[in-house]
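Good morning, and thank you for joining. I should like to take you through one structure, beginning with its annotated sites and ending with its domains.

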Amino acid sequence: MPAECSTAKVYRFANSRQATSMPQVIDKLIRARWIIPVVPAQKVYRNCALAIDDGRIVALVPAAEAAARFAPREEVHLDQHALIPGLINTHNHAAMTLLRGIADDRPLMEWLEQHIWPTEKKWVSPEFATDGSRLAAAEMLRSGTTTFSDQYFFPEATAQVARESGMRAQIAFPVIDFPTPWSRNGDEALQKGLALRDDYRAHERVEVVFAPHAPYTVGDATLEKIAVYAAEAQVPVQMHLHETSGEVERALAESGERPTERLQRLGLLGPQTLCVHMTEVNERDIELLQQSGAHVAHCPKSNLKLASGFCPAARLLDAGVNVSLGTDGAASNNSLDLFAEANTAALLAKAISGNAAALPAHQTLAMATINGARALGIDEITGSLEVGKSADLTAVDLGGLEQQPLHDPISQLIYTGGGHNVSDVWVAGRQLLKSRKLQTLNEAEVIQRAQHWRARIAGHSE
């Protein structure tokens, strides 16, 4: 049941000053029907207000006391909304939004080798990456995502879109040992990626990290180089891993090692490693994930659509492995709505385990927020509504017919809500979505560019 805000429990000043008779001047005060901080877990505060100053959360106070405590320059009232941490999409290929629906209903390797890779070879360019990333950013913002991790060609284009959109982003530059639209080989990819990392070293919202594509596209020599670079500079690494049973079987046939064992041997499995997919998992894999502190990005909708398998998310969480959520690219999902991903994850976990209590709503919401922040190494910055953290926020309208009657707002978010219920989004206190309207991206232009690419690609194939 939602609880009333308790000043003694949740009120803090960011600078630890004692409250005085004079209100504290702040940038923004957001009043909401429900505030769900995620940390502490399972808490729902009713009729409270979030105080924000200089892009950070100053305090969480009872709404009735807010006027006496603060003098906000702006005040926002969300009378039928839940205010939650901004959602964190830990695996995406943003520019592939332009390939949405181009090769549906095919298994992974056929989808890649016969359709996606040939199309990318013909069309992917800096212009393609820019337009596709803008479309993805707009879609993510309108469905409540404030932070995304992206792995795709021309990462410099996606990084620039993240900057202009105001979103928080981890740009994972792709490393592949054969020629791609962005690089001739793994060495060139590393050279270009490290230069891009230097360009963004001081940026407050965009971080550039390593992304060796997959065990079957990157050799040991390149992986060893990445392991050294990552360890020396303490840089995160993201990699598609155990995406299908065929990938694991192929690895065993060729080397006698499971891909997780290979990464451990090469020094690439550790607390800065994000393993994407992990649909084929045995006890040895779980043991290695536990021992190493590596994270898992669960992409249930993409895995289901490509018939790649089922990540045992509940089992991994029970074993102490941090599991986050990712949409994968819109070419294989075909949506970037992380609420839909959370819903699928919760239902799939119950079906896989045969346990209706597996992955309850509050734990699934944590996967989409604080677990994602931990997976990207930014949990001290975002992922929960805690004093001192960045004001990365998503407001969800729960006043509609489909959400009635509302007994438990967390349940409604996961089981009946969706990205279409998101009304407002802030990153570092800056409003990027207001009453469903994008504030930093031109929606009409984004749509026009997407239609431009559809016409070009369709015309080429006719």
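Leaving aside neighbours within four places in sequence, which residues is E120 in contact with? They are M96, L99, Y152, F153 and P181. Before going further, I should state that this is a predicted model.

E120 sits in helix α3, which covers residues 108-123. Is E120 buried or exposed? Its relative accessible area is 5%, so E120 counts as buried. E120 has company in that respect, for the buried residues of α3 are L108, W111, L112, I116, T119, E120 and W123. In general, residues three or four places apart in an α-helix point the same way, because there are 3.6 residues a turn. Helix α3 also bends by about 35° at I116. A proline, P118, follows the bend within four residues.

Let me turn to the annotations. An unreviewed UniProt entry places the feature "binding site" at E120, H213, E243 and D328. Of these residues, E120, H213, E243 and D328 are included in the lining of the largest pocket.

UniProt, again in an unreviewed entry, also places the feature "binding site" at H91, H93, H240 and D328. Why may we say that these residues gather at one spot? They span 238 residues in sequence, yet no two of their C-alpha atoms are more than 12.0 Å apart, so they come together at one place in the fold. From this set, H93, H240 and D328 belong to the lining of the largest pocket.

D328 is named in the first of these annotations and in the second, and I shall therefore describe its surroundings, noting that D328 is buried at 5% relative accessibility. D328 is found in the loop that connects β13 (323-325) with α13 (338-353). Beyond its neighbours within four places in sequence, D328 is in contact with H91, N92, H93, H277, C299, S302 and L336.

H91, for its part, is located in strand β6, residues 87-92. Its relative accessible area is 0%, and H91 is therefore buried. With neighbours within four places in sequence again left aside, the residues in contact with H91 include H240 and D328, both named in the same annotation as H91. Among its other contacts are S149, Q151, Q238, V276, H277, A297, C299, L325, G326 and T327.

I come now to the domains. How does the domain assignment divide the protein chain? Domain 1 consists of 3-9 + 22-85 + 391-428, and domain 2 of 87-376. Their C-alpha centres lie 30 Å apart. At the interface, 22 residues of domain 1 are in contact with 27 residues of domain 2. The two domains bury about 1800 Å² between them, and 70% of that area is on carbon and sulfur atoms. On the domain 1 side, I414, Y415 and V427 lose the most area to domain 2, together accounting for 33% of what that side buries.

One last residue deserves mention, namely R31 in strand β2, residues 24-35. Is R31 buried or exposed? With a relative accessible area of 17%, R31 is buried, because the cut-off is under 20%. Apart from neighbours within four places in sequence, R31 is in contact with C48, A49, A63, A66, A67, E75, V76, H77 and L78.

That concludes my presentation, and I welcome your comments.

Note on methods
Residues are numbered from 1 along each chain as its sequence is written. This is a predicted model: local features need pLDDT of at least 70, side-chain atom pairs count only at pLDDT 80 or more; totals for chains, interfaces and linings use all residues. Side-chain values use heavy atoms; hydrogens and water are left out. UniProt positions are given in the numbering used here, feature names are shortened, and annotations may be inferred rather than shown by experiment. On a 1 Å grid over the protein atoms alone, a cavity is a set of points where a 1.4 Å probe fits but cannot get out, and a pocket is an open set with protein on both sides within 12 Å along at least five of seven lines; lining residues have an atom within 4 Å of a point. Helices (H or I, at least four residues) and strands (E, at least two) are DSSP runs, numbered from the N terminus. Buried means under 20% relative accessible area, exposed over 50%, partly exposed in between (1.4 Å probe, protein chains only). Contact means heavy atoms within 4.5 Å. The bend at a residue is the angle between axes fitted to the seven residues ending there and the seven starting there. Domain bounds come from an automatic or database domain assignment. Buried area is the accessible area (1.4 Å probe) that two parts lose on being put together, summed over both.
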